[in-house]
Amino acid sequence: MDFKFTDAQIAFRKEVADFLQDEISKGLWKPACDAWIQGQDPSFTKRVAAKGWIGLSWPKELGGQGRSAVDRMIMTEEMLRYGAPAACHWFADRQIGNAVIHYGTDAQKKEWLPIIMRGEAYVGLGLSEPDAASDLASIKTKATETEDGFIIDGQKVWTSCAKHMNYIYLVARTDPTQPKHRGISEFLFSTQLPGVTLTPTVDITGSEAWCETFLDQVKVPKSALIGTINKGFYQVVNQLDFERAGLERLMGNYPLYEALIKYCKETKRHGQPLCKDGSVRNKLTQLQVEYEVGRLLTYRVALVIDEGRAPNTEASMAKAYSTAFEQHLAMLAMDILGLYGSLVEESKYEVISGMAPASFLASKGYSLQAGTSEILRNVFAQRGLGLPA
Ligand SMILES: Cc1cc2nc3c(=O)[nH]c(=O)nc-3n(C[C@H](O)[C@H](O)[C@H](O)COP(=O)(O)OP(=O)(O)OC[C@H]3O[C@@H](n4cnc5c(N)ncnc54)[C@H](O)[C@@H]3O)c2cc1C
């Protein structure tokens with residue numbers, strides 16, 4: 001395996017980095033932790049769309065750029081490095097567009113892909129419910145077929161894109177008489193339809209980046225069904241690989257990581273820079289090793305996608321490993337920064353822009369969202385190592 005990037009890939013990375021640096025220098029936004037999931041900025045999404053970077057790896061005949069999964073990973077790596085507010089388009093670009101490409105009709109491809117690529121579809125992910133998330137097949141939200149469409153009733157929790165969400169992707173039970181994995185279907189529709197209510201979820205950090213979605217007799221057209229009726233559970237497994245596979249699981253807090261290393265180089269304790277203190281140095285080195293391993297595991301996912309294979313075990317492994325890195329980073333930041341590390345940006349005594357407390361709190365959710373680490377270990381134990389269930 002050749003671990004080197006090509007000259008074209010190196011040039012593309014620079015193009016993305018130059019664009020982001022220019023945006024920061026114009027004061028359009030400030031780098032932030034978790035901005036890929038919490039930084040909801042429709043104007044940034046529009047500017048990214050204008051560059052042709054939404055749908056970068058989608059086929060040219062469908063309006064995409066036909067670039068490789070590795071190219072897309074390079075682009076997202078730079079977005080994460082600079083903490084860019086990409087949340088409005090992230091989910092549609094990462095997985096919903098792919099679901100439409102894989103399972104949608106020609107008419108659905110014509111309907112959905114252009115609005116996603118124009119940066120106008122802020123699609124929330126509606127999988128989890130109050131009593132079903134790890135065990136997705138237990139969902140209770142139901143979609144009842146009518147002559148001209150479906151009527152959807154139920155509730156979703158932790159739906160991404162929250163107040164900006166103008167479309168929702170969800171799974172609902174279409175046949176309650178079938179075994180639970182078999183009677184589920186995928187839907188994509190506007191949140192402006194009557195009967196959809198979005199209620200913000202205030203998370204442990206105080207953020208409202210997610211919401212609860214209530215669906216009360218929501219009438220959706222037949223064209224909202226993506227793929228084959230009652231086969232949604234099997235379709236979504238493919239989509240989850242894309243959800244789990246990205247560098248966002250490793251680099252969500254890259255601004256904190258970079259700032260922590262700078263702080264350790266510049267701050268003196270007992271007359272010498274912190275990074276020369278043996279115990280700090282060891283911990284930072286361990287962290288750096290974990291980061292590099294996580295990066296390689298994640299690039300491996302892109303290589304598997306480019307080979308045309310489903311990165312099922314690779315994505316599970318990369319996500320479980322990378323979120324553990326993110327949690328170690330947040331804990332180490334709190335450890336090294338001491339009491340000052342608990343102060344938020346508004347405090348005059350804050351250090352490294354008060355990033356550490358929110359990262360520390362948010363990091364608790366990383367090993368839950370998009371599949372818990374226990375579930376992911378089950379996936380690679382059974383499908384990767386062939387261990388018994
Ligand atoms: C910050 C955040 C963002 C999220 N974003 C979204 C989103 O955008 N869209 C969406 O639909 N959902 C989202 N979720 C929901 C997330 O997918 C679920 O929280 C997650 O899948 C776990 O489900 P649960 O919370 O119901 O826990 P449960 O499924 O009840 O699990 C509880 C515990 O039991 C363990 N467990 C469960 N089953 C097994 C098993 N078979 N073997 C071993 N251990 C097991 C789990 O690992 C966990 O530790 C988000 C969650 C968080 C915290």
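**Contacts and surroundings of the ligand**

In this predicted model, a nitrogen atom of the ligand has a backbone N or O atom of Leu125 sitting 2.8 Å away. Ser128 joins in with its side chain: one of its polar atoms is 2.7 Å from a nitrogen atom of the ligand. On the oxygen side, Thr372 places a polar side-chain atom 2.6 Å from an oxygen atom of the ligand. As for overall cover, the ligand on its own has 970 Å² of accessible area, and the protein covers 66% of that.

Now for the site itself. The ligand takes up the space of the largest pocket. Two or more residues of the shell come from each of strand E1 (123-126), strand E3 (149-160) and helix H13 (373-384). H13 gives the largest share, with three residues. Seen by domain, domain 2 (124-235) and domain 3 (245-384) each supply at least three residues to the shell.

What about the make-up of the shell? Around the ligand there are 16 residues, and those that come nearest are Ser128, Ser134, Trp158, Thr372 and Glu374. Ser128 and Thr372, then, are both on that list, and each also has the polar side-chain atom described above, Ser128 facing a ligand nitrogen and Thr372 a ligand oxygen. By residue class, the shell splits into eight nonpolar residues, seven polar ones and one charged.

Technical notes. Residues numbered from 1 in each chain as written. Predicted model: local features only at pLDDT ≥ 70, side-chain atom pairs only at ≥ 80, totals over all residues. Heavy atoms only, no water. Near = heavy atom within 4 Å. Polar contact = N/O pair within 3.5 Å; in protein donor to acceptor, adjacent residues only side chain to side chain. Areas by Shrake-Rupley, 256 points an atom, 1.4 Å probe, with all protein chains shown as cover. 1 Å grid on protein atoms, 1.4 Å probe; cavity = no way out; pocket = protein on both sides within 12 Å on 5 of 7 lines; lining within 4 Å. Sits in = over half its atoms within 2 Å of the grid points. Helix = DSSP H or I, 4+ residues; strand = E, 2+ residues; numbered from the N terminus. Nonpolar A, V, L, I, M, F, W, Y, C, P; charged D, E, K, R; others polar. Domains from an automatic or database assignment.
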